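Trainee: Got a minute to go through this one with me? I'd like to know what earns each label its place.

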Amino acid sequence: MIELLHDTLNFDFPEVHEEASCRIDFQRTLRIPDDNKEYPLPAGLGRFPVRHVDDYANKIPEEWKQHGGVLMPMYQSEALWLNFSGDYPFALKIAAGKINAVTGEGWKNALSDEPQDYVVIPEQPWLDGFAVGKGRIRQFVAMPLGEEYTAEEQITGDAIHGGIQIIAYPMKAEAYEKYCLRSSTLNKMTNEICYYDMDGCAMGLAPGGLMCQEIYDDPYGMDVWDRAHSARCFIHIVNSTHYKKVTDEFPPHRPPTISDYQQAGIPWFEYYADELSAIEGSKKLAGLDSIAAMKIKKGEAPLADNESVIPANLKTISVGARKVKEWNG
Amino acid sequence: MLFGNYIRERREKRKKSDPRYSLRQVASRIGVEPAYLSKVERGDVAPPSEAKIIALATELDEDPDVLLALAGKVSSELQDVIRQRPELFAQLIRELKELPDHAILRVVREIRDGDW
């Protein structure tokens, strides 16, 4: 089951194991420059607010009610990363607009290892974007559906789903007992009328700037995942300009510009987990146009606030120091 | 247990170690006459208003919802909550009434998964 507590999705499977739980939150962050240079990981600047869609049933599109799940606000061109917490191993499939963020394939509930279409936590502490190559991702950046930028639109040609989709599979209880006892390394890692004009409120995720981030190979193998138990969630993304109309709450402030970020000395991060190998990334996702490239292709004005920078205040972190990416400065 | 008996028992228990819990002083602190509080404790009059019961709960370090229930009342805050979705809450309470405490405490709101 999935519970929403403090803007965090809590996945619990007490029927599998009393410790089978993990948490996922959505971190506000800097949109890195989309200039084909590879950047380190930007810091988390706090959680996005997350709300039950059922609480706003008279103000959201009909399809969102059918999907169930939750909603969160994002500004156009705002970036996010997914923050995973919990010590119990889970296989997580993550999609944007029902396009798998690891493989670029369309949504399927089932896990696959040919190629691996999921991330494994706690080994994978974060996910910042679409896996476009070995050790490389393109940042998740919100764009309005219907303007051709999102991965969904570039791959399927349709602007239907948007948002983020997640399904979680816990490790089988017997495998958990075995691996926790066996490996000190693994242990250490840690229906009314819509009152508002909602046209343009739905957002999807588009590929932004390049970032160094490895998506790790499953170190356990497919057999350990309890495929009889899973829980999934549709996270709708509302344009922040509509968020107050829907929820009566103000969205978070706009994220900092790149120059604000650098001047404030907010750190960048390089993360190493030497014991783990990385997957190759998706050729399909690698072939997508980034937002800046798409703007040029469409003959639109260049992406604002997109000047190249040399990251200042670079910090190196390794396994066991997972939480430091959340910046509270 | 009757509301008045319960209040008197709790107040007298505290008074044994602290004279500030005399009938007179407690009545003064919650803003009623001692004679009135005495009648309430004996059950000679109906329990006081919600505000006075909440003041008594604060005074005696009791759960206000428990005292209100003993007095046959539901707090106006809870009434407001129920009034917003009366059918749902009536259904919920009826479904939960036979469950043991630990099961009720585990009632959490799941995120609904739909069709996608």
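Mentor: Sure. Keep in mind that this is a predicted model. A search over all chains turns up 24 salt bridges in the whole structure.

Trainee: Why is the pair Lys65(A) and Glu62(A) called a salt bridge?

Mentor: Set the value against the cut-off. The closest N and O atoms of Lys65(A) and Glu62(A) are 3.2 Å apart, and the rule asks for a Lys or Arg side-chain nitrogen within 4 Å of a carboxyl oxygen of Asp or Glu. So the pair qualifies as a salt bridge.

Trainee: Where do Lys65(A) and Glu62(A) lie?

Mentor: Both are in helix α1 of chain A, 3 residues apart, which is about one turn of the helix.

Trainee: What makes Asp55(A) and Arg109(B) a salt bridge?

Mentor: Same kind of check. Their closest N and O atoms are 2.8 Å apart, and the limit is 4 Å, so the label holds. Across the interface of chain A and chain B, the rule finds 3 salt bridges.

Trainee: And how many residue pairs are in polar contact across that interface?

Mentor: The rule finds 9, with both residues of each pair at pLDDT 80 or more. On the chain A side, β1 (2–5), α1 (62–67) and β18 (231–239) each supply at least two of the residues that touch chain B. By class, that side has 9 nonpolar, 6 polar and 6 charged residues.

Trainee: How many residues of each chain are in contact?

Mentor: 21 residues of chain A are in contact with 10 residues of chain B. The area buried between the two chains is about 1,500 Å², with carbon and sulfur atoms giving 50% of that. Met1(A), His52(A) and Arg232(A) supply 37% of what chain A buries against chain B, more than any other three residues.

Trainee: On to the sheet. Why do β5(A) and β19(A) count as paired?

Mentor: Pairing needs at least two bridges between the strands. 2 bridges join β5(A) to β19(A) (residues 268–272), so the pair meets the rule, and the two strands run antiparallel. Pro42(A) stands opposite Trp268(A) in β19(A).

Trainee: What is the strand order in that sheet?

Mentor: β5-β19-β20 in chain A, an open sheet of 3 strands with mixed pairing.

Trainee: And what makes β5 (41–42) and β20 (314–318) of chain A edge strands?

Mentor: Each of them pairs on one side only.

Trainee: Last one: which domains does chain B get?

Mentor: The assignment gives domain 1 (3–70) and domain 2 (76–105). Taken over C-alpha atoms, 28 Å separate the centres of these domains of chain B.

Conventions
Residues numbered from 1 in each chain as written. Chains lettered and ligands numbered in written order. Predicted model: local features only at pLDDT ≥ 70, side-chain atom pairs only at ≥ 80, totals over all residues. Heavy atoms only, no water. Contact = heavy atoms within 4.5 Å. Buried area = accessible area lost by both parts, 1.4 Å probe. Polar contact = N/O pair within 3.5 Å; in protein donor to acceptor, adjacent residues only side chain to side chain. Helix = DSSP H or I, 4+ residues; strand = E, 2+ residues; numbered from the N terminus. Nonpolar A, V, L, I, M, F, W, Y, C, P; charged D, E, K, R; others polar. Domains from an automatic or database assignment.
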